[in-house]
Amino acid sequence: MALSYKDYLEPSQLPHMWCPGCGDGIILRAYTEALAELELAPKDVVTVTGIGCWGKADDYVSTQAFHGTHGRALAFATGIKTANPDLTVVTLMGDGDAVTIGGNHFIHAARRNINLTAIVTNNYNYGMTGGQYSATTPLKSKTTTSPNGVAEPGFDVCFLAEAAGANFVARTTVYHAVALKNLIKEAILHPGFSLVEVISPCPTYFGRFNVHPSPVNMMNWLKDKAVPVQKYREMSAEEQYEHFAVGKIVVKERPDFYTTYQRINGGQVAAEEGDGNGR
Amino acid sequence: MPEPKKMHIEIDKKSCKRCGICQGLCPQQVYTLAKDGSPEVTNPERCTNCHLCDLRCPDFAITLEVLA
């Protein structure tokens, strides 16, 4: 029998705690749809989360789950994947988890090219603790801790992962729900470190101060801000500032950590093979 | 254009948080919002089975079923 997304949800835990119009539910739906289409048994998938609104997602799934500490989801996931490479390991992190508190784990997981998938929900602020600004909050955006606007520019999560060496880097939004599901599927299948950054609305905090708190308005705002990668690269700096690129940004075949480790420790690596990064 | 399929659209009122995304983004205006903000299926015959409402529903509240 074909699997449905409902086979990956824990009905006793629903409805979830997220606010009306929060993108987290849409991403959880896309994630569970992707698992169902890949026909992965829930017992063979480990969902690893940290702390935050999106960090609660592990409560709602019927896969194996690990709820770690803030920012450390990737560190735990690295251990899980290295100890048991047969498992499909997916980490669900928010922008606070992935690149603010856990920024160091993030770049090193990408550098090591651990064969796992990171789904980073970027809602541009710390939603759970009251809407403080994070490392991805765009310059001049208003948050509860920056009522006059943030004085720091935000990280571009995808370019950070690309620079650190990730094998698969993609960005989309919750408005593009079908593309989101397909990118998650592709990320899970792609060997090495795969990142899907999902721009998601936080109507309660970020939307209230910067866009318009209506969930429908926030969805349309995401549609207007998103441009395909190719078009984004041709834009002027001013236009790029107002938009973000969506689609597949990096797809490469650098050998993942486990493969390289086995090869080196099996004594099969010849010096001329280099580090697999073209160097 | 192919003949549209007959659809049954179920909204789980216990899960729905009345965010209005289904009504606001449906390309075919299948839904309308009641006074309290909860969505109602008022034009089911217009549904083209595109699944954008149930995939974008943050609360798993919409189920689409193709009727024979």
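## Helices over the sheet

In chain A of this predicted model, helix α1(A) lies across three strands: β1 (45–49), β4 (117–122) and β8 (194–199). Its direction makes an angle of about 160° with that of β4(A).

Helix α2(A), residues 73–83, also lies across strands, in this case β1, β2, β3 (88–94) and β4 of chain A. Against β3(A), helix α2(A) runs at about 180°.

## The sheet itself

What do these helices lie on? The strands of chain A include eight that form an open sheet, and their pairing is mixed. If you would like to trace the sheet on screen, the order is β2-β1-β3-β4-β8-β7-β10-β9. At the edges stand β2 (64–67) and β9 (226–228) of chain A. Each has a single partner strand, so one side of each is left without a neighbour in the sheet. On average, neighbouring strands are turned by 20° against each other, with direction ignored.

One pairing to look at joins β7(A), residues 168–173, to β10(A), residues 244–251. In which sense do β7(A) and β10(A) pair, and over how many bridges? The two strands are antiparallel, and four bridges link them. For a landmark, find Ala170(A), which stands opposite Lys248(A) in β10(A).

## Two helices that cross

Now turn to helix α4(A), residues 103–112, and helix α5(A), residues 157–164. They pack with their axes 8 Å apart, at an angle of about 45°. Angles from 35 to 65 degrees fall outside the parallel and perpendicular ranges, and α4(A) and α5(A) are therefore oblique to each other. Is their crossing left-handed or right-handed? The crossing of α4(A) and α5(A) is right-handed.

The residues that meet here are easy to pick out. From α4(A) come Ile107(A), Ala110(A) and Arg111(A), and from α5(A) come Leu160(A), Ala161(A) and Ala164(A). By class, this contact has five nonpolar residues, no polar ones and one charged residue.

## Where chain A meets chain B

How many residues of each chain are in contact? On chain A there are 16, and they touch 14 residues of chain B. Three helices of chain A each supply at least two residues of the side that touches chain B: α1 (24–38), α6 (177–189) and α8 (215–225). The largest share, four residues, comes from α1(A), the helix that also lies across β1, β4 and β8 of chain A.

By class, the residues on this side of chain A divide into 11 nonpolar, three polar and two charged.

Definitions and conventions
Residues are numbered from 1 along each chain as its sequence is written. Chains are lettered from A and ligands numbered from 1 in the order in which they are written. This is a predicted model: local features need pLDDT of at least 70, side-chain atom pairs count only at pLDDT 80 or more; totals for chains, interfaces and linings use all residues. Axes are lines fitted to C-alpha atoms, for helices over the stretch in contact, and angles run from 0 to 180 degrees between N-to-C directions. Angles under 35 degrees count as roughly parallel, over 145 as roughly antiparallel, 65 to 115 as roughly perpendicular and the rest as oblique. A crossing is left-handed if the near helix is turned anticlockwise from the far one by less than a right angle, and right-handed if clockwise. Two residues are in contact if their C-beta atoms, placed from the backbone, lie within 7 Å. Ala, Val, Leu, Ile, Met, Phe, Trp, Tyr, Cys and Pro count as nonpolar, Asp, Glu, Lys and Arg as charged, and the others, Gly among them, as polar. Two strands pair if DSSP finds at least two bridges between them.
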